Amino acid sequence: MDKVLVSPDRAVEDIPDGAILAVGGFGLCGIPSTLLGALAAAGTSGLRVVSNNCGVDDWGLGLLLRAGRIARMTSSYVGENKEFARQYLSGELEVELTPQGTLAERLRAGGAGIPAFYTPAGAGTQVEEGGLPWRYAADGSVAVASPAKEVREFGGRRYLLEEAITADFALVRAEVADRHGNCVFHAAARNFNPLCATAGRVTVVEADLVVEPGELPPDAVHLPGVYVDRVVAADPADRRIERRTVRPIPQEV
């Protein structure tokens, strides 16, 4: 089945207001920026987004955030976005902070059909006890707080019950995808993109390179096409480097 669509606008046009999105990327690596740009242009709002981070102020998810289109974020790291902090502290944005490994496993479990699992991460902390501020009120008080988690002991160690995550749509960026949706990811872009892809009921992939079926060796495929519903070509110019570092030019002796 050929899953390639002619434009990113077509790929996201049926995402409704209030949808739950799983968005791939790690830092600025593997961000589905082409699809996010199309979604921002579409005016979709009230989104409930699951992503490792919320990008930067003027790119990726930051475009939706700045326009007030995101109602809730489930993330593990939010430290590079000043607008994110402003909206959270002013009560405009609900935020569920989740340990990074727990977030990854919640997505993996959702894609595997596992409703919940036990993890030691967060045991004995406020993650277990509840009361973490998810949303502030305008006066600075806590309007919505995290609930306490179920605890069990295995082998004399405490574990917390964490629920899996599934999403209405997943937006993913791959280095290479074929027309059947088989994908290959590059380096750190593989950290969350495959997990988001399997957790989405409808998964949309943007790829730097779209190839014909059979061009990807089976052993090279990171994400089988059975998890992918739509493929579009990514904008090759829309890339960012989070922290550019260079070596000094060696001086000739």
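In this predicted model, the side chains of Arg230 and Asp14 are joined by a polar contact of 2.7 Å. Arg230 belongs to strand β13, which covers residues 230-233. Its relative accessibility is 17%, so Arg230 counts as buried. Buried here means under 20% relative accessible area. Leaving aside residues up to four places away in sequence, Arg230 touches Lys3, Leu5, Ala11, Asp14, Phe169, Val202, Thr203, Val204 and Val205. Asp14 is therefore both a polar partner of Arg230 and a member of this contact list.

A second polar contact involves helix α2. Ser33 is placed in that helix. The side chains of Ser33 and Arg173 make a polar contact of 3.3 Å. Ser33 has a relative accessible area of 4% and is buried.

An open sheet is formed by 3 strands, in the order β5-β9-β8. The pairing is antiparallel. Strands of a sheet pair through backbone hydrogen bonds, either parallel or antiparallel. The edges of this sheet are β5 (116-119) and β8 (151-154), and each of these pairs on one side only. On average, neighbouring strands of the sheet are turned by 40° against each other, direction ignored. Helix α5 (residues 100-112) packs on the sheet and touches β5 and β9. The direction of α5 makes about 155° with that of β5.

The pairing of β5 with β9 can be followed residue by residue. Strand β9 spans residues 157-163, and 4 bridges link it to β5 in the antiparallel sense. Thr119 has Leu160 in β9 as its bridge partner. Tyr118 stands opposite Leu161 in β9.

In a regular strand the side chains alternate between the two faces of the sheet. Strand β5 shows this alternation. Phe117 and Thr119 point to one face and are buried. Ala116 and Tyr118 point to the other face and are not buried. Tyr118 also takes part in a ring cluster, in which ring pairs link it with Phe154 and Tyr159.

The loop between β5 and α6 (126-129) holds Ala121. This residue counts as partly exposed, at 29% relative accessibility. Ala121 touches Pro99, Thr102 and Leu160, not counting residues up to four places away in sequence. Leu160, the bridge partner of Thr119, is thus also in contact with Ala121. The C-alpha atoms of Ala121 and Glu162 are separated by 9.9 Å. Along the chain, these two residues are 41 residues apart.

Strands β6 and β7 also pair. Strand β6 (residues 133-136) and strand β7 (residues 142-145) run in the antiparallel sense, with 3 bridges. Tyr136 has Val142 in β7 as its bridge partner. The hairpin of β6 and β7 has 5 residues between the strands. Within this hairpin, Gly140 takes a positive phi near 95°. The ring of Trp134 carries the charged end of Arg72 over it, 4.8 Å from the ring centre.

The structure holds 4 aromatic pairs. A pair of aromatic rings is described by the distance of the centres and the angle of the planes. For Phe26 and Phe192, the ring centres are 6.3 Å apart and the planes lie at 15°, so this pair is stacked. The stacked label applies because planes under 30 degrees apart count as stacked. Phe26 lies in the loop between β1 (20-23) and α2 (33-42). Phe192 lies in the loop between β11 (183-184) and α7 (193-199). The pair therefore ties together parts that are 166 residues apart in sequence. The two rings differ in burial. Phe26 is partly exposed, with a relative accessible area of 28%, whereas Phe192 counts as buried at 4% relative accessibility.

The loop between β11 and α7 also contains Ala187. Ala187 has a positive phi of about 50°, although it is not a glycine. At 57% relative accessibility, Ala187 counts as exposed. The cut-off for exposed is over 50%. This loop therefore holds both exposed Ala187 and buried Phe192.

Note on methods: Residues numbered from 1 in each chain as written. Predicted model: local features only at pLDDT ≥ 70, side-chain atom pairs only at ≥ 80, totals over all residues. Heavy atoms only, no water. Pairing = 2+ DSSP bridges. Helix = DSSP H or I, 4+ residues; strand = E, 2+ residues; numbered from the N terminus. Axes fitted to C-alpha atoms, helices over the stretch in contact; angles between N-to-C directions. Contact = heavy atoms within 4.5 Å. Phe/Tyr/Trp six-rings, centres within 6.5 Å; stacked < 30°, edge-to-face > 60°. Buried < 20%, exposed > 50% of the residue type's maximum accessible area, 1.4 Å probe, protein only. Lys NZ or Arg CZ within 6 Å of the ring centre and 35° of its normal. Polar contact = N/O pair within 3.5 Å; in protein donor to acceptor, adjacent residues only side chain to side chain.
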